[in-house]
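This briefing addresses a single protein chain, beginning with one residue and its helix and ending with the fold as a whole. Please consult the sequence and the structure shown here alongside the text.

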Amino acid sequence: MSDPNVHYGADVGANLAAVRARIASAAKSAGRAADAVTLVAVSKTHGVDAIRAALAAGQRVFGENRVQEAEEKWPALKREYPDVVLHLIGPLQTNKAADAALLFDVIETVDRDRLAARLATVFARLARPRPRLFVQVNTGEEPQKAGVIPADADAFITACRGTQGLAVDGLMCIPPVDEEPSPHFALLAKIAARNGLSQLSMGMSADYEIAVAFGATHVRVGTAIFGAR
Ligand SMILES: *Cc1c(COP(=O)(O)O)cnc(C)c1O
């Protein structure tokens with residue numbers, strides 16, 4: 001968790017304004033509307049004081065990568081700010097699917113049949129609006145990384161929709177850290193297009209402007225807003 005003695009307010013507000021301006025300018029260069037791109041402020045490892053600074057600056061869409069950490073920080077904040085939209089951007093264990101469905105509004109990391117089946121079961125008896133779902137694609141086919149490999153993506157999306165009866169809204173990827181991200185963003189956009197999916201979550205602090213040029217509808221930015229973790 002972040003240092004309670006650090007005062008985030010001014011920095012976080014200024015950082016958010018700068019990131020929003022760069023998104024708007026990248027969108028404009030790509031002939032896209034600025035509001036076609038949603039900024040997901042990634043608050044993982046940062047405490048409630050940092051999150052409050054972002055909320056005070058008008059930010060309402062946030063990303064967390066661990067269910068348990070989000071459960072410690074977000075239930076009270078979501079009661080206070082009912083218009084917050086919370087994205088799960090980290091791997092989801094099957095035994096945490098029910099907890100995730102109770103707290104998150106978007107789950108970006110659906111990537112295997114067992115998880116899809118579990119989510120379908122959980123959603124059937126969920127007493128709140130169902131989280132929207134993105135399928136995570138492991139575009140770099142990295143063995144240590146979550147996500148369905150590109151060759152299996154079409155079949156997995158079809159299975160989610162068909163067998164599991166889940167609505168899929170879009171795709172998410174995390175390109176390999178040591179590679180040029182553009183081919184990965186292009187590949188994700190291509191898989192989305194051929195599956196009739198309009199939402200693309202791609203781009204982080206180092207490459208979100210490139211992602212916007214390749215059609216990102218959601219960029220997940222942590223460090224550039226909240227500082228180093
Ligand atoms: C941490 C994280 C981010 C944000 O990364 P930054 O480089 O700090 O912007 C984005 N996406 C995922 C999946 C993450 O885990």
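In this predicted model, Ala186 has a relative accessibility of 33% and therefore counts as partly exposed, since that class lies between the buried limit of under 20% and the exposed limit of over 50%. Ala186 belongs to helix α7, which covers residues 182-194.

**Ala186 and helix α7**

- The C-alpha atoms of Ala186 and Arg32 are 16 Å apart, with these positions 154 residues apart along the chain.
- Helix α7 has 13 residues, and at 1.5 Å a residue the expected span is 18 Å; the end C-alpha atoms of α7 lie 19 Å apart, which agrees with that expectation.
- The buried residues in α7 are Ser182, His184, Phe185, Leu188, Ile191 and Ala192.
- Cover for the buried residues of α7 is provided by elements that include the helices α6 (150-161) and α8 (208-213), together with β6 (170-172) and β7 (199-201).
- Gly196 follows α7 and has a positive phi, near 65 degrees.

**Thr94 and its surroundings**

- Thr94 lies in the loop that runs between β3 (85-88) and α4 (97-103).
- The relative accessible area of Thr94 is 14%, which is under the 20% limit, so Thr94 is buried.
- When neighbours within four places in sequence are set aside, the contacts of Thr94 are Arg112, Arg114, Leu115 and Arg118.

**Overall fold**

- The protein contains 9 helices and 8 strands.
- A compact globule of 229 residues would be expected to have a radius of gyration near 17 Å; the value for the protein is 17 Å, so the two agree.
- Along the principal axes, the C-alpha atoms of the protein occupy a box of roughly 50 × 40 × 30 Å.
- Of contacts in the protein between residues at least 6 apart in sequence, 61% connect residues at least 24 apart.

**Burial, surface and charge**

- Buried residues make up 49% of the 229 residues of the protein.
- The protein has an accessible surface of about 10,200 Å², and carbon and sulfur atoms account for 53% of that area.
- The protein carries 25 positive and 25 negative charges, and the mean positions of these two sets are 5 Å apart.

Technical notes. Residues numbered from 1 in each chain as written. Predicted model: local features only at pLDDT ≥ 70, side-chain atom pairs only at ≥ 80, totals over all residues. Heavy atoms only, no water. Helix = DSSP H or I, 4+ residues; strand = E, 2+ residues; numbered from the N terminus. Rg over C-alpha atoms; globule rule 2.2 N^0.38 Å. Buried < 20%, exposed > 50% of the residue type's maximum accessible area, 1.4 Å probe, protein only. Contact = heavy atoms within 4.5 Å. Areas by Shrake-Rupley, 256 points an atom, 1.4 Å probe, with all protein chains shown as cover. Lys, Arg positive; Asp, Glu negative; His and termini not counted. Charge placed at Lys NZ, Arg CZ, Asp CG, Glu CD. Expected span 1.5 Å × (residues − 1).
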